[in-house]
Amino acid sequence: MFKAIRGLFSPDMAIDLGTANTLIFVRNKGIVLNEPSVVAMKVKDNTIMALGAKARTMLGRTPEAINVVRPMKDGQIADFRATTVMLRHFIEKSIGGNFFTRSPRVLICMPCQSTEVEKKAITDTVSGAGAREVFLIEEPLAAAVGADLNIQEPHGTMVVDIGGGTSDIAIMALSGVVVSESVRIGGDELNNSVVQYVRQKEGCVIGETTAEQIKIKIGTAMAVNDVEELTVVGHDLALGVPRTFTLTSDNMVDALSTATAKIIEPVKSALQRCPPELASDIANSGIMLTGGGALLNGLDELMKLETGLPVMVAQDPLGCVVKGCGKILDMDYMEHLLM
Ligand code: ADP
Ligand code: MG
């Protein structure tokens, strides 16, 4: 009875509002939405033309009259209006026409070290998008729960979440974050590194979407035995025409090494700041990688080499945070986890 009553007042849905992707989990349904965090608007009057996956296909291909924006930056809201419109659409799509859940209670995660102003900005935006009540939770706690780590024990756990705009590192114990670090280097910076590399090596310009495809297909943080090749078309800077060239996975090691080193640096500094008891726990249990960037080939190996610790990639790195939020929705001790 008590549980049933409490259920009435706990969140109906959880949102992972990421720089690259937004995912929504609805109670008793599971993950119902997974869309890129992208909005396409008319420049003239800011009317919305497309959202999510459809808007993403327009990136880098628009005439002057259309503006395609990614309203989240570094895990925080960069464009309030676009974020509100996008979230309202995603929330409505997720709950359908059910009268009882039309104005849902929403659990949403935020980076550690978010300021009060940033927390208020998220709360106001989610309310503006139609939520009746907003609950905040620190993202790495959700990521850890989504990766099936036990965060309630005194035993220390460590998660490195590599998203689009940032990489967030957290060492947790007893349902709280003990040490955290964040760098503004994530998947976008890796894409950017590929763009720069191609410009220098081939004298060709490629767009960010192409760079991302190259990264996903042949990108690697460490040299591989079976070298892969990919044929790419770029815009030759000298000739002014499209030109075809070949890139290999070895090229990718060169292209990505600076950025991957910048992701691993704060992992080391978090370990240095870690209390000794927790450090010895983590030496045994290792580091869990989550977020889409965790899928970069060889990144786990490189981190293992650089830290000397075991490194694992979560089962579904892109879904970890929202899955964790979903589990937290059903947990009896959710109140302890809220910000
Ligand atoms: P966010 O939480 O910031 O929205 P995500 O966790 O959704 O970010 O991860 C998005 C990032 O993951 C993008 O930069 C994307 O390029 C990257 N990514 C997705 N799949 C792969 C892959 N197979 N290899 C490397 N990077 C990937
Ligand atoms: Mg994320």
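The following questions and answers concern a predicted model and its ligand site, internal spaces and selected residues.

Residues are numbered from 1 along each chain as its sequence is written, and chains are lettered from A and ligands numbered from 1 in the order in which they are written. In this predicted model local features need pLDDT of at least 70, side-chain atom pairs count only at pLDDT 80 or more, and totals for chains, interfaces and linings use all residues, while side-chain values use heavy atoms, with hydrogens and water left out.

Q: How many residues surround ligand 1?
A: A residue is near a molecule if one of its heavy atoms lies within 4 Å of it. The closest residues to ligand 1 are A20, N21, G164, E212 and K215. By class, the shell has five nonpolar, nine polar and three charged residues, where Ala, Val, Leu, Ile, Met, Phe, Trp, Tyr, Cys and Pro count as nonpolar, Asp, Glu, Lys and Arg as charged, and the others, Gly among them, as polar. The number of residues that surround ligand 1 is 17.

Q: Which element supplies the largest share of the shell around ligand 1?
A: Helices (H or I, at least four residues) and strands (E, at least two) are DSSP runs, numbered from the N terminus. Both α6 (187–202) and α7 (208–218) supply at least two residues each to this shell. The largest share, three residues, comes from α7.

Q: What percentage of the area that ligand 1 exposes when taken alone is buried by the protein?
A: An oxygen atom of ligand 1 lies 2.7 Å from a polar backbone atom of A20, and a backbone N or O atom of G164 lies 2.8 Å from a ligand oxygen. A backbone N or O atom of G293 is 3.4 Å from an oxygen atom of ligand 1. Taken alone, ligand 1 exposes 580 Å² (accessible areas come from the Shrake-Rupley method with a 1.4 Å probe; for residues, only the protein chains shown count as cover). The share of this area that the protein buries is 89%.

Q: What is the volume of the largest cavity?
A: On a 1 Å grid over the protein atoms alone, a cavity is a set of points where a 1.4 Å probe fits but cannot get out, and lining residues have an atom within 4 Å of a point. Grid points are joined across faces, edges and corners, and a volume is the space filled by probe spheres set on the points. A search of the whole structure finds one cavity of 30 Å³ or more. The space in the largest cavity is about 50 Å³.

Q: Which strand gives the largest share of the lining of the largest cavity?
A: The lining consists of P111, C112, Q113, D168, I169, S180, E181 and S182. Elements that give two or more residues to this lining are β12 (167–173) and β13 (176–183). By class, the lining has three nonpolar, three polar and two charged residues. The largest share, three residues, comes from β13.

Q: What is the volume of the second largest pocket?
A: A pocket is an open set of grid points with protein on both sides within 12 Å along at least five of seven lines. Residues lining the second largest pocket include K73, D74, Q76, E118 and R184. Its lining divides into two nonpolar, five polar and five charged residues. The volume of the second largest pocket is about 230 Å³.

Q: Is E181 buried or exposed?
A: Buried means under 20% relative accessible area, exposed over 50%, and partly exposed in between (1.4 Å probe, protein chains only). E181 lies in strand β13. Because its relative accessible area is 19%, E181 is classed as buried.

Q: Which residue with a positive phi follows α5?
A: Helix α5 (residues 139–146) is mostly covered, with eight of its eight residues buried. Among these buried residues are E139, L141 and V145. The residue that follows α5 has a phi near 65°, and this residue is D148.

Q: What is the relative accessible area of N28?
A: N28 is placed in the loop between β2 (21–26) and β3 (30–36). Phi of N28 is near 65°, a positive value in a residue other than glycine. N28 is exposed because its relative accessible area is 77%.

Q: Where is L174 placed?
A: L174 is not a glycine, yet has a positive phi of about 50°. L174 counts as exposed because its relative accessible area is 58%. The place of L174 is the loop between β12 and β13.

Technical notes. A polar contact is a pair of N or O atoms within 3.5 Å; within protein, one must be able to donate a hydrogen and the other to accept it, and residues adjacent in sequence count only if both atoms are side-chain atoms.
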